[in-house]
Amino acid sequence: MSDDLFKILNAAQQHLDAGSADLPPYSAPPLGESASAILHQVADRLQDNYPYAHPLYAGQMLKPPHPIARAAYALAMSINPNNHALDGGRASSAMEIEAVAALAKMFHWPQHLGHLSSGGTFANLEALWVAGQLMPGTAIAASDQAHYTHSRISSVLGLPFVTVPSDDRGRMDLTALEHLLATQNIGTVVVTLGTTAIGSVDPLDQILLLQKKYDFRIHVDAAYGGYFTLASNLSPETRAAFDAIPYADSIVIDPHKHGLQPYGCGSILFRDPAVGRFYKHDSPYTYFSSKDLHLGEISLECSRAGASAVALWATQQLLPYTPGGVFAQGLEFSHAAALELHHRLTESTHFLTPSSPPQLDIVFWAVNAPTPETSSALAQSIFDEAAKNDLHLALAKLPLRFFPHNTWLDTPKNDSENKVTCLRSVLMKPEHLLWLDHLWQRLQAAAVHEVASIPQ
């Protein structure tokens with residue numbers, strides 16, 4: 001944190017402490033030289049990390065929390081509220097309700113039921129648990145590019161799980177989906193808006209048309225991509241998918257991804273508040289000071305960090321979810337950076353790109369080589385060489401069919417086992433657009449170092 005932020009946080013802490021100044025004083029645990037030495041050891045240990053906050057880190061889905069989120073979280077931790085019940089987190093529970101309402105408003109839901117969670121996995125579990133209560137015994141269907149935890153969650157819930165093939169752009173294949181729906185055994189379709197691997201967006205608007213023909217629920221897993229509903233520079237087909245969100249039955253979005261929050265901060269929202277009936281329970285040792293709604297009454301989780309709600313609420317006050325606002329512009333910068341990187345990769349003789357540009361801010365590409373095996377080996381070499389020059393990327397094994405059909409002529413594209421190791425970049429920091437030249441220079445240098453001897 002900057003010195004200015006420490007000053008702001010210290011002043012806020014004094015203001016918070018003044019609220020209980022009339023209480024008898026008590027002694028907090030002392031911190032002496034040993035504590036200082038330990039914290040320096042912690043700092044030493046934490047240096048064994050990639051520079052996640054820096055724009056030259058363009059690998060995995062790691063976005064630094066906004067300074068106000070860090071400060072608000074630290075301020076709340078002096079109380080350590082528990083948002084399971086009003087007894088443990090009165091103010092932070094109210095802030096959570098307001099913060100979740102802001103998410104619902106962003107998706108144009110006039111009413112909703114929802115709460116924060118420890119992350120997207122547990123939020124998705126709650127969505128599919130409710131789906132199982134409403135459609136007992138029926139299967140959960142998700143794309144083969146959906147997050148792998150959906151099949152695990154279905155197993156935990158004792159629900160059948162069916163994988164829907166994806167098309168050559170990583171989106172759920174509508175023809176395959178309709179064949180499955182015709183079996184009358186699909187109760188819920190998980191629609192992913194922003195897959196983890198390549199950021200593909202399932203055609204939610206088209207799946208809604210199928211819902212009119214078949215009886216099934218639609219759960220939107222937008223843990224990664226949900227905030228892009230605010231971006232004004234999406235392609236028409238991607239925009240159509242996001243514009244269809246108001247008609248889904250439930251949605252998951254993770255503020256700890258594009259929402260500038262510390263881990264873990266996920267959220268689950270239901271369009272129909274009546275699903276709250278499935279959460280009802282009686283816990284006499286938890287609720288006793290208020291008859292108002294407790295967040296613990298609409299959540300499968302019990303103890304949850306109230307500090308997460310405080311941090312999210314504070315960030316929303318500074319950066320509201322307004323189309324065209326500062327927060328929305330940051331998402332637009334990320335998408336623009338991804339489009340520009342894709343363009344440069346396409347123009348380069350060193351790399352191979354998919355036929356379609358990125359739908360959000362995740363870019364992937366292969367190394368131009370005679371075979372997928374050689375391409376995969378070179379991708380690993382370039383990954384290592386780039387890291388030596390402080391450019392940190394990611395690697396992903398992806399189907400060959402994601403690339404044009406003439407890419408590797410001697411290798412079948414329709415075999416799901418045929419994959420190539422690709423370089424992958426998540427340009428989720430707004431600064432990545434300004435830093436793209438720096439990223440590109442380092443990537444080109446790594447490619448020249450490793451690929452120059454390979455015949456083109």
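Here is a short tour of three spots in this structure, which is a predicted model.

**The strands around β6**

Let's start with strand β6, which covers residues 250-253. Ser250 and Val252 point one way, while Ile251 and Ile253 point the other way. In a regular strand, side chains alternate between the two faces of the sheet. Here, all four of these β6 residues are buried, whichever way they point.

Strand β6 has a partner on record in each row of this table:

| Strand paired with β6 | Residues | Bridges | Direction | One facing pair |
|---|---|---|---|---|
| β5 | residues 217-221 | 3 bridges | parallel | Val220 and Ile251 |
| β7 | residues 266-270 | 4 bridges | antiparallel | Val252 and Ile268 |

How do you get from β5 to β6? Helix α9 (residues 236-243) belongs to the picture too: β5, α9 and β6 make a right-handed β-α-β unit.

**A nonpolar patch on the surface**

Next, look at helix α2, which spans residues 33-46 and holds Leu39. Is Leu39 buried or exposed? Its relative accessibility is 58%, and exposed means over 50%, so Leu39 counts as exposed. Leu39 also helps make a nonpolar surface patch of about 390 Å², together with Ile38, Val42 and Leu46.

**The end of helix α13**

Finally, find Val451 in helix α13 (residues 436-451). Val451 has a relative accessible area of just 1%, and buried means under 20%, so Val451 is buried. Now follow the chain to Ala369, which is 82 residues apart from Val451. The C-alpha atoms of Val451 and Ala369 are separated by 8.5 Å.

Notes:
Residues numbered from 1 in each chain as written. Predicted model: local features only at pLDDT ≥ 70, side-chain atom pairs only at ≥ 80, totals over all residues. Heavy atoms only, no water. Patch = residues over 30% accessible without salt bridge, like charges linked within 9 Å, V, L, I, M, F, W, Y side chains within 5 Å. Areas by Shrake-Rupley, 256 points an atom, 1.4 Å probe, with all protein chains shown as cover. Salt bridge = Lys/Arg side-chain N within 4 Å of Asp/Glu carboxyl O. Helix = DSSP H or I, 4+ residues; strand = E, 2+ residues; numbered from the N terminus. Buried < 20%, exposed > 50% of the residue type's maximum accessible area, 1.4 Å probe, protein only. Pairing = 2+ DSSP bridges. Right-handed = clockwise from strand over helix to strand, strands pointing away.
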